[in-house]
Amino acid sequence: MFNLFQITTEKELFNLLLYIFLLSSPIIAGALFIVGSPYGSQTSYSGKLALNGCLAWIVMELVSPAALLLAYTYPLTPGQFSQRTHTTDLFVILWVTHYINRALIYPLRQPSRKPMHVGIMLSACLFNLINGYLNGRWLSVFSPPPTTTTTNINNHALLNPILGVCLFLCGMLGNIYHDEILMRIRRNSQNTRYAVPLGGGFALLSCPHFLCELVEWMGFAVATGSPAAWAFVLSVACNLVPRAMFIHRWYQDKFDNYPNNRKAIIPFLL
Ligand SMILES: NC(=O)c1ccc[n+]([C@@H]2O[C@H](COP(=O)([O-])OP(=O)(O)OC[C@H]3O[C@@H](n4cnc5c(N)ncnc54)[C@H](OP(=O)(O)O)[C@@H]3O)[C@@H](O)[C@H]2O)c1
């Protein structure tokens, strides 16, 4: 364990941030269940502190790949050994690919986005900064060295990255596909901003795009075996599950004939 006031090494700082990250996620989930998830369809805020929704989204999401790349490539301090390999390079490429879509392609293709409160943008920036740092630094410095035994090749060492990358790619494609369904509604709408989405996972869920996002990051965590990536999965779940439940209830209130076989984020369950 570490003493909060006597952090002398980067490893201690890394561990402290990881603990904070892990502990804060359930607290944030509790807060979100109480106050709701205050952006997009779940808010009508348009006061002085409202930023252009598209611009705010780009800024907050760009922090994540920037922080990860910096943490991954930042020079090692004396005593640190680089754990970077072609495999960790691949994980970094996956991360950056996700965020090229999330931070640039996705918002720039969207027909419109509601304004966002500056506080939401700043808290997302802080979250993405810490998350990018933790994941980048774990991949480049704090992960255990690869096993060098040639006999009895560690099956997990091969299986987990392959399985994880497949999960990641399936989740990412599913997420983009369902985001696209929502964008199409907005593009084709005449007078209404919102309509009941149809097709793909929307047959069973109000927020299949969130479930796919969760699957994507679970894939990343399986592939890397990183505690930082698992902490990210927890925080994505703590953020998106309450949001999906609010959106689900909002659909039920707003649309009279909303299909009652749909769940919020887990088919047949939740
Ligand atoms: N990794 C994470 O922790 C995390 C966190 C948040 C989001 N994300 C990802 O970012 C993406 C967007 O998230 P989000 O929370 O903004 O999703 P969202 O609330 O479902 O909104 C997505 C977009 O679709 C529009 N929209 C939503 N429902 C609609 C409907 N019924 N009819 C027409 N348009 C509709 C929204 O417009 P308005 O803005 O006008 O409402 C918004 O532009 C998702 O893929 C999500 O997985 C990831």
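This tour proceeds through the ligand shell, two helix packings, the nonpolar core and one backbone feature.

The model is predicted: local features need pLDDT of at least 70 and side-chain atom pairs count only at pLDDT 80 or more, whereas totals for chains, interfaces and linings use all residues. Residues are numbered from 1 along each chain as its sequence is written.

**Ligand shell.** Select the ligand and its 23 surrounding residues, of which Gly40, Lys114, Leu182, Ile185 and Glu213 come nearest; a residue qualifies if its C-beta atom, placed from the backbone, lies within 6 Å. Next, colour helices H5 (155–188), H6 (208–224) and H7 (227–254), each of which supplies at least two shell residues. H5 gives the most, with 5 residues. Helices (H or I, at least four residues) are DSSP runs numbered from the N terminus. By class, the shell has 8 nonpolar, 8 polar and 7 charged residues; Ala, Val, Leu, Ile, Met, Phe, Trp, Tyr, Cys and Pro count as nonpolar, Asp, Glu, Lys and Arg as charged, and the others, Gly among them, as polar.

**H6 and H7.** Keep H6 and H7 displayed: their axes lie 9 Å apart at an angle of about 170°. H6 is therefore roughly antiparallel to H7. Axes are lines fitted to C-alpha atoms over the stretch in contact, with angles from 0 to 180 degrees between N-to-C directions; angles under 35 degrees count as roughly parallel, over 145 as roughly antiparallel, 65 to 115 as roughly perpendicular and the rest as oblique. Residues of this contact (C-beta atoms, placed from the backbone, within 7 Å) divide into 14 nonpolar, 1 polar and 2 charged.

**H1 and H7.** Add helix H1 (residues 10–35), which packs against H7 at about 5°, with axes 8 Å apart. H1 and H7 are therefore roughly parallel to each other. The contact includes Leu18, Phe21 and Leu22 of H1 and Pro227, Ala228 and Ala231 of H7.

**Nonpolar core.** The largest nonpolar core has 52 residues, and Leu134, Cys207, Phe210, Leu211, Ala244 and Ile265 have the most contacts inside it. Such a core is a set of buried Ala, Val, Leu, Ile, Met, Phe, Trp, Tyr and Cys residues joined through C-beta atoms within 7 Å. H7 gives the most to this core, with 11 residues. Centre on Ile265: beyond neighbours within four places in sequence, its contacts include Leu205, Leu240 and Leu270.

**Phe268.** Finally, select Phe268 in the segment after H7. Although not a glycine, Phe268 has a positive phi of about 70°. Phe268 is exposed, with 8 other C-beta atoms within 10 Å; 12 or fewer means exposed, 20 or more buried, and in between partly exposed.

Notes
Two residues are in contact if their C-beta atoms, placed from the backbone, lie within 7 Å.
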